[in-house]
Amino acid sequence: MVEEKDLKQALAVYNSLCEMLDENEFHYDKDVENLKIHFSTSGDDLPIELAIQVDVDRKLVTLLSWMPFKTPENRRVPMAIAISAANNGLLDGSFDYNILDGQIIFRMTSSYRESLLGKNLFAYMLLVSCQVIDDYNDKFFAVAKTEMSVADILNYIE
């Protein structure tokens, strides 16, 4: 059962996130009941879908972004290599990959346990996530659609 103070803190975090998005003139869909936000933006090549949720129980803010394609079955092992290479070079956030269905999701989290998160952190999460996603989404798409050797994949991703 969620305690009232935990819910109050989560709502304050959610409201701060919404204020940052409003100040930066983002258009987004709010789900206050579930403390979720959903919106999309444009990258250089592929659209970027984003969902941000405040998790009351774990005291986390989680940003997720699904790639707008799934990896075909015959390219799933090469994609695992590409995802691993990309994650190796990331300072913050990571790509999650489901080799069973070919879905790729970018994830970044930040804890607000015993701390306060401000608009600057949310702006950082959004900016860094969008930059990383935009840097890699077209590369992952190419790996999904093109026959490449392991060496070619590693050179292309790095």
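1. Among the elements that cover the buried residues of helix α1 in this predicted model are strands β1 (29-31), β2, β3 and β4, together with helix α3. The residues of α1 that are buried are Asp-6, Ala-10, Val-13, Tyr-14, Ser-16, Leu-17, Cys-18, Met-20 and Leu-21. For a reader who wishes to follow the spacing of such a list, it helps to recall that an α-helix has 3.6 residues a turn, so residues three or four places apart point the same way.

2. The length of α1 can be checked against what its residue count predicts. The helix runs over residues 4-23, and its 20 residues, taken at 1.5 Å a residue, should span 28 Å; the C-alpha atoms at its ends are 28 Å apart, so the two values agree. After α1 comes Glu-25, which has a positive phi, near 60 degrees.

3. Which residues outside its own stretch of sequence does Phe-39 contact? Phe-39 belongs to strand β2, residues 36-42, and counts as buried because its relative accessibility is 2%. When neighbours within four places in sequence are set aside, Phe-39 is in contact with Leu-21, Phe-26, His-27, Tyr-28, Ile-48, Glu-49, Leu-50, Ile-52 and Leu-126. One of these residues, Leu-21, also appears among the buried residues of α1. As a distance for orientation, the C-alpha atoms of Phe-39 and Val-132 are 17 Å apart in space, with their positions 93 residues apart in sequence.

4. Trp-66 is placed in strand β4, residues 60-66, and is partly exposed, its relative accessible area being 36%. Not counting residues up to four places away in sequence, Trp-66 touches Glu-49, Ala-51, Gln-103, Ile-104 and Ile-105. Glu-49 is thus a residue that Trp-66 touches and that Phe-39 contacts as well. From Trp-66 to Ala-151, the separation is 85 residues in sequence and 26 Å in space, C-alpha to C-alpha.

5. Are the two cysteines discussed here buried or exposed? Cys-18, at 4% relative accessibility, counts as buried, and Cys-130 counts as buried too, at 17%, because the limit for that class is under 20% relative accessible area. A search of the whole structure nevertheless finds zero disulfides. The reason in the case of Cys-18 is distance, because the closest cysteine sulfur, in Cys-130, is 16 Å from its own, too far for a bond. Cys-130 likewise takes part in no disulfide, with the sulfur of Cys-18 as its nearest cysteine sulfur.

6. Two further backbone positions deserve a careful look, since most residues other than glycine have a negative phi. Lys-59, which is not a glycine, has a positive phi of about 55 degrees; Lys-59 is located in the loop between β3 (47-55) and β4 and is buried, with a relative accessible area of 14%. Glu-114 also has a positive phi, near 55 degrees, and is found in the loop between β6 (103-111) and α3 (119-145). Here the surroundings are described by another class, as Glu-114 counts as exposed at 79% relative accessibility.

7. How many aromatic pairs does the model contain? The count comes to six. In one of them, the ring centres of Phe-69 and Phe-141 are 5.1 Å apart and the planes stand at 70 degrees, so the pair is edge-to-face. Distant parts of the chain are linked by this pair, since Phe-69 is in the loop between β4 and α2 (76-88) and Phe-141 is in helix α3, 72 residues apart. Phe-69 is buried, with a relative accessible area of 9%, whereas Phe-141 counts as partly exposed at 33%.

8. Phe-95 and Phe-140 form an aromatic pair that is likewise edge-to-face, at 4.9 Å centre to centre and with 90 degrees between the planes. This pair links strand β5 (residues 94-98), where Phe-95 lies, to helix α3, where Phe-140 lies, and the two are 45 residues apart. Both Phe-95 and Phe-140 are buried. Through ring pairs, Phe-95 and Phe-140 are joined with Phe-106 and Tyr-136 into a cluster. Over the ring of Tyr-136 sits the charged end of Lys-139, 5.5 Å from the ring centre.

Key: Residues are numbered from 1 along each chain as its sequence is written. This is a predicted model: local features need pLDDT of at least 70, side-chain atom pairs count only at pLDDT 80 or more; totals for chains, interfaces and linings use all residues. Side-chain values use heavy atoms; hydrogens and water are left out. A disulfide is a pair of cysteine sulfur atoms within 2.5 Å. Buried means under 20% relative accessible area, exposed over 50%, partly exposed in between (1.4 Å probe, protein chains only). Helices (H or I, at least four residues) and strands (E, at least two) are DSSP runs, numbered from the N terminus. Contact means heavy atoms within 4.5 Å. The expected span of a helix is 1.5 Å times one less than its number of residues. Rings of Phe, Tyr and Trp (its six-membered ring) pair if their centres lie within 6.5 Å; planes under 30 degrees apart count as stacked, over 60 as edge-to-face and the rest as tilted. A charge sits over a ring if NZ of Lys or CZ of Arg is within 6 Å of the ring centre and within 35 degrees of the ring normal.
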